[in-house]
Every structure is written in structure tokens, then in C-alpha cells.
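Biologist: I am new to this structure and would love a close look at one part of it. Could you walk me through a single helix and its surroundings?

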Amino acid sequence: MDDNVVSAMLLVSIGLGSLGLCAFLWGLKSGQFDDKNKFLDGALFDGEDDLNTAKKIQDRKEKNLKDKKDNETKA
Amino acid sequence: MQLSNNKVKCNHCHLDFDNDVMIFETLDNKELSFCCKGCQGVFHLLDDEGLGSFYDKVGSQTLHPIKNTNNDLTKFDLEGYSKKYITKKNGLNEISLIIEGIHCSACVWLNERVLHECEGIIETSINYTNHKAKIVWDPDIIKLSHIIEKIQSIGYNAYAYDSKLQEQRANKTRKEFYSRLIVGIFCTMNIMWIAIAQYAGFFTGISLSIKNILNVAEFILATPALFYTGWFYFKGAYYGLKNKIINMDFLIVSGTLSAYLYSIYATLTQTGEVYFESVTMVITIIFVGKYLEVLSKKNAVDSLDSISSSIPTEVTVIKDGKKNIVDTTEVEVGDLIEVKPGDKIAIDGVLFEGSGSFDESSISGEAIPVYKKNNDNIISGTVCLDSVITYTAKKDLSHSMLQSITTLLEESLTKKPKIEKIANQISGYFSLMVLSMAILTFIGWYMMGVSFEDALIISISVIVIACPCALGLATPVATLIGVSVGAKKGILFKTSAHLETMAKATTVVLDKTGTITNGHPDVVNYMQNSQFDTNILYSLVKSSSHPISKAIVTYLKAKTDVLEEHQLKDIKNIEARGLSANYNNQSLLGGNIAFLKEMNIDCAMDSTKSVFVFAIDGTVVCSFELEDQLKTGAVETIENIKKLGLEVIMCTGDNEHVANDIAAQVGITKIYNSMLPKDKADIILQLKRCDKIVITVGDGINDALALSKSNIAIAMGNNADITVKASDIVFINNKITTLYDALKLSRKVYLTIKQNLMFSLLYNFVTILLAVLGYVIPLVAAVSMSLSSLVVVGNSIRIKRIFKNG
């Protein structure tokens, strides 16, 4: 086997593996695995309504935080 | 939703109720029925807010009917409360709550949705597993009391807990350890298949260029394993050196680091074999043991949190005829304190007005509640069961029983000796010896005229071959398997070092209530005088939370297939005596003999046990005898422990009569009765002074002090209490038989560790000698290193078979 082929294979496989590893570590760090049951049941509560609400909540949260910041800079 | 037998399903809680108690109404041409105003209120609330889809998500699950809680919510906005529980960040408040009443993921969904709809709440996340919620809100827009009110309005309840203490820290370390472990495992698994190619290449021939590529790949994988996963050991070694101690961590670091550096050297110069795979494997395997320790600590903290939140932080003080909620630390001697049924007492005192039963089991171990009247002593840590009373505080918080036990406990916990230190010292000598031998080897060979480079390689091979693979694995792998086998049997070791101490134990001290016995009364005898409807009795005893009533409920449930609850009228709970009620104009009475005699009912009975007599319209229809029974397997367990050569002692807060009775049943000859928590601790200290290694098993606060003084403290898992904190080992399954299993397991593990250490020391002795003499070629080093580790691991795996052959 050509040296280049071996090194390319090693590089790609280890690279792909570490990509997965990094994704997992990120998920762990951002708390996605903190609550196993909620994580699994999330699939049950997955509908158009729920998506809309999630978006609405996200927007409101950002707006709230922004308002708070504005108030502080004013004061 | 009409059902057969005149039963109707409540539209909110989905429970079945009699037709005549329901509230009916029509909404949008739909017939709705509710069991109570609370359920009706919540249903409308959800419907109005467009959250009706909650009921689709709940499916066929049933909920608790809504109780109208008219709690005083003002306490949530008090200064002291917010100081204790609320953390402030960028002008936003954050609190950790435990939400009661969650039993499915739809509940979590509903709570989060309702809170998100609230103006001013920025973030909510509720954990389904432990019902803990984190809420961030803007204090300028909404008050905490409104948030709690919102949660209560949909039928749940919330109380704050102090998460700052342990939980967050424990969680953080666990997460960090987990990341490090995952990286270690990833590297080990990948490096192994590269190593296989290396080994194969060594025997069948491999071109130098391919070998170099593999070396580099191994280097890439070994680096994060050594420096990220193994960071823990670098830190340990550094702190050890700072305190002028050479510890096990230092040995691991020096071994792996020198093997790592040598391998880099071998890669660069393209001579010899590399040891990257050994480095990675050793670090990862040792780290798994460390991780399991962190994990078990986290479990203990989790159960501890919900308990510390149940210890009251405020009491109702009556001053000048007004009721005030006061922080427990601010209560003064002489204050009048009001206690409601179900409240836990925080401050010692003397009863002033009223009378009632108190559950003292957590302090004295007495399973049957004690009836208290005027001028009787009230002890903190006990629970008022059935009536509203007021009492005068006789001590402040810091001198009260509960608090002083806790303080004593914390003191002794910090003073607890660390057994691991000795093991660390031995390995310290070993690593010092290896290091000096390596240096001497280098000097020796160099003086004999060998080139600098060769002398260096030989001396490094001494360190590499003495690398504590086998030695380092000898203890952790055996304890690791021991701990995991234990976990399957319901034994939770807080740190693995306890296995060793446990194996050397000479004396076992057992608590009675909750350890040898079940800790609550059970029906042992049932006598029926005439025919009657069991459902009436069931409804009557169901209305009380007294242990005896509960025991009868359990007994009736086991005896009868179908039980129905009737609606009784005028249910009265007569303190420490019994219950009375009315059903279809029949008067119902249930209680002890004294109570029935008081009511002029003739019942000729005589029993040394607790008795519950049930009478309808003045005639006794049946009676029960109850007793705190032995746990299953108690007799065999104590016999087996004696066979192992251990001395068994029973230590209880109960009176002499009960203590002797139980001791005779299980065959214990040495008994101490009527013991206060401090007396128990003194006995343990006495035993320890006679050079005994003492195991103490207990379950209540009254045992906590004794537990903290003993060499090995075992807590029964049913009372997740302060005992859990003081203990080294927790029996999750709450069985006494587990004690024998734990002893057997610890002895087996200890034996295995001794075998492993013997083997690895012998191995190291032979190979170091060969290495010093310069006979070790790299292949021998590599193979023998892996082989010695395999022997140790293989020997340890044999522990798993301990419970298979009977």
C-alpha cells in the first residue's frame, strides 16, 4: 500500500472521529444531556404549534434581555 | 364521560369518582365533569390560555386532584428569603426550585409554558428527572411570590432549595470528569487498532515509512489522553511535590511521561519501539476508577438536596397575638411557636397549648408516635403528626438538638482520617526507589564507557518497564470491579478505599429501628368479630397519615383485590388515640383500646403489641395487632456475619424491653439500650480505643453521630437523611442481607488487591533487574508491560463471580 494512502486513511478516520467527539463534548457542555427523560420525550412534543411557541419564547427572551440592557444604559 | 357503576372521570385529573360528588358543566356543547373546584379552575385556566393540548400530551395518565393551597406567599418576597436562595446577575434574579407534583413530561411542558407566558420571566428550565427548576426573572417586572402563585394556580407546588451548596459543584466536576473520560476512551480505542498494526508489523515485517506514519498517528492520539485526561494526575503530583510528598500520582506521571517522551525520541530518531498505546491505556483505565468515585459522590449529593430542603428554615412565631413568619436563626428563648400538622420541629421547647402525636423516629428510633400534652418536651427533628399546637422555645437554633447534631457531625467529618494516605506513601517509596535506580543505572553505564545516548535509553527503559501499569492498576481495577459489582447488589461505596477498611473490620454495630427491623409497624394479627364492609374501614384509615393507619391500609390492600373509597363525613383525628367518622348515619370508631374504652365501648383485649380496634355503632367488628417486624433475612445475616468472625453489637434508642426482645430474635447478645445519639458515638469511640475496626449501620439522624465516628459507616437507603452524608457506604435497597454481601465482597476485593500487588511487585522486581543490566529489548518491554496489566485485570475480573456460585 502506498504511504500516502495509509496516511490519508488515518488522517480522515481520526479526523472524522474527533469531529464526532468534539460535537459530543459541545453537547455535554451546553447541557443537552442533563435531563435524559426530557431529551427523549422532546420527540413526543414536536409539532408546528410547539415550534412556533419555541420561536416566540426565544424572541421574547432576547427582547427582554435587550430591554433590560437598554434600561441600564439609560440609567 | 359516563362510566359504569355511577363512576365519572374528572376532566382534569382523570381519576374516577362517584357520580354524586362531581361538579358538572357544559362548555361548547361538551359535557364536562370535575371532582373539585380546584380541578375545574385549572381546566378553565388552561383552556383560556390556549393550553388545552396539555390533556392530549398527558394521555391516559392520571394527575393529583388540585388542592386549594392558601399558603402565605409573602415570605417569598422577604429580604432574608431572597438573600438565602436568590442569586443576582446583571440585574436579573435566578432561583432554584423543586417543583412538587410533576409525574410526567406533560407536567414539565405545562409548567414551562405557563411560566414562559408570564411577563418578566426570562428563562425556565425544569429537569424531569429530579424535578428541579431553574428560573431567571426580572425583579422589576414580576415578584417571586407571583411566580410561585402561578405554579400553584395550575396545581403544582414549588419550594426553593439552596443549590449553591453542593449540587452545582458536584455537577460541574462530574461533567468535567466525564468529558475527560470520553476523550480518554476515544483515544484508547483508536490507538489500539493502530497498535495492532504495529504489533503485526513487528512480527511479519513492516516498512520503516509505514511504521513512522503509525508512530505519528499514535502520537497524535496519545497527547490529548496524557495531557487532557491525565491532567488530574499532573495536578496531584504537583501538589504532592509542593507538600514534599511523592505520591501515587507522581509515579503515574513519571512513568507515563517518561514513556511518552521516550516514544517521541524513538519516533524522531526512527529507532526502537514506541509506547504510546501503553501511556494512553494506563491513563484511561486508572481514570475510569476516579470517575466512578465522582459519580457516586454526585448521587449522594442529589439525595441530600431534597432532604436539606425539608429541614425548616422558618417558623411561625406568635407575638402579641399576631402570627409572624420568622427565620429560625432569629428565634429567641421564650418565643411562642405555632406548629401545624406535618411540620418538622426546628427548635427545642416545651409544649404550651394543645396536644398531639409526634413522630420521634428520627431522633430516638421509636417507631410508634409519642403523644405529647402540656409541659412535655418538644425535640427538634421530630414531626408533628395530627394537630395544631403552640410551644415555648427553650433553646435557640444553634443549641437545639437537630442543629447541634448537625454541627458535631460536620466537625467530625472534616476530621475523618484518610486511609488512602498510607497507600500513597508506600507507592511514594516505590517511585522514589525506581527513580533513583534509573539515575544510578544511567551513571553506572555512562561510567562504564557506554555512549551518553545508550546509557540514557537504558535508564529510561528502567522507568518505562517499572511504569506502574500493573502496580497502578492493581488497586483501582480491583476496587472498580468491586464497586460496580456492589452497585448491582445495591451497595453504594462513596470512595473505593472503604472496601479495604471494611475487609479488615472486627466489629459490627447495628441500630435497631430501620436497620434490623422495618422501622414502621406491620399488621401481625387480624381478628374479625362480625361481617362488615371493608371499604368503610379502608376509607377511615386512609384519611390518616399515622404509621398504624398506613400499616392497616397496606394490609387491607394486600388482602383485598378491589377497594373503594367512600365519602365519610365528620372525620376526626383524635391525637394519639384514633379516628372517628360518620358514614350513612353509622358512627365509625377506630383506635387503641384506651380510646374505645373512653367511648364506652366494651372490648376485652390484652396485648403487649400496638392494637387497633374498629367499631361500627358501638360494636367491635374487628381488631389488628401491629408490631415493628424484623427485616427479611435479618437472622441469617447476623448468623453469617458471626461466622465471618465479626463481633455483632446492637445499639438502640428504644427501651430495654423492646431491645431485648428484638436482640433475642436475631441472636445478638451484646445490647446497649436507651441510647442517646451522643452515647452511641461514645460506644463507638470506646470500641475504637480497644483497637477494633468498627462498622456502624444505621438509618436515622440519631445514628449520624455514631456513624461519623466509626471506621466504616453504612446508611440504610430508605431514610435518605443526614446519615447519607455521614456514611461511607449506602445500601440503596434497604435490605439487611446486603450487609453480609458487602462484607463478603470487600474481603474478596481485598484479597484480590493483595494478589495483584504481590504479582506486580514481583514482576517489577524481575524486570527492573533485567532492565538495569541492559537486557531488556524494547519488544520485551512492550509485551511484558501489556501482559502484566492483563494478568492484573484478569485476576480482578474474577471478583465478578463472587455472587454467582451461591
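Which residues of helix H17(B) are buried?

Modeller: Happy to! This is a predicted model, in which local features need pLDDT of at least 70 and side-chain atom pairs count only at pLDDT 80 or more, while totals for chains, interfaces and linings use all residues. Residues are numbered from 1 along each chain as its sequence is written, with chains lettered from A and ligands numbered from 1 in the order in which they are written.

Now to your helix. In H17(B), the buried residues are B:Ile536, B:Leu537, B:Ser539, B:Leu540 and B:Val541. A residue counts as buried if 20 or more other C-beta atoms lie within 10 Å of its own, as exposed if 12 or fewer do, and as partly exposed in between, with C-beta atoms placed from the backbone. Helices (H or I, at least four residues) and strands (E, at least two) are DSSP runs, numbered from the N terminus.

What do these buried residues lean on? They pack against H18, strand S23 (578-583), strand S24 (586-591) and S25 of chain B. Contact here is judged by C-beta atoms, placed from the backbone, lying within 7 Å.

Take the helix partner to begin with. H17(B) spans residues 534-542 and H18(B) residues 547-559; their axes come within 9 Å and cross at roughly 145 degrees. Axes are lines fitted to C-alpha atoms, for helices over the stretch in contact, and angles run from 0 to 180 degrees between N-to-C directions. The crossing of the two helices is left-handed, meaning that the near helix is turned anticlockwise from the far one by less than a right angle. On the H17(B) side, B:Thr534, B:Leu537, B:Tyr538, B:Val541 and B:Lys542 make the contact, and H18(B) answers with B:Ser549, B:Ile552, B:Val553 and B:Leu556. Sorted by character, the contact has six nonpolar residues, two polar and one charged. In that count, Ala, Val, Leu, Ile, Met, Phe, Trp, Tyr, Cys and Pro are nonpolar, Asp, Glu, Lys and Arg are charged, and the others, Gly among them, are polar.

Next comes the sheet. Its six strands form an open sheet in the order S21-S26-S25-S24-S23-S22 of chain B, paired antiparallel. Strands S21 (517-528) and S22 (569-574) of chain B are at the edges with a single partner strand each, so one side of each has no neighbour in the sheet. From one strand to the next, the twist averages 15 degrees. Two strands pair if DSSP finds at least two bridges between them. S21(B) and strand S26 (residues 619-630) of chain B run antiparallel and are joined by eight bridges, with B:Thr517 standing opposite B:Leu630 in S26(B). H18(B) also packs on this sheet, touching S21, strand S25 (610-616) and S26 of chain B, and its direction makes about 60 degrees with that of S21(B).

Putting the picture together, the buried residues of H17(B) pack against H18 as well as S23, S24 and S25 of chain B, while H18(B) touches S21, S25 and S26.

Definitions and conventions: Contact = placed C-beta atoms within 7 Å.
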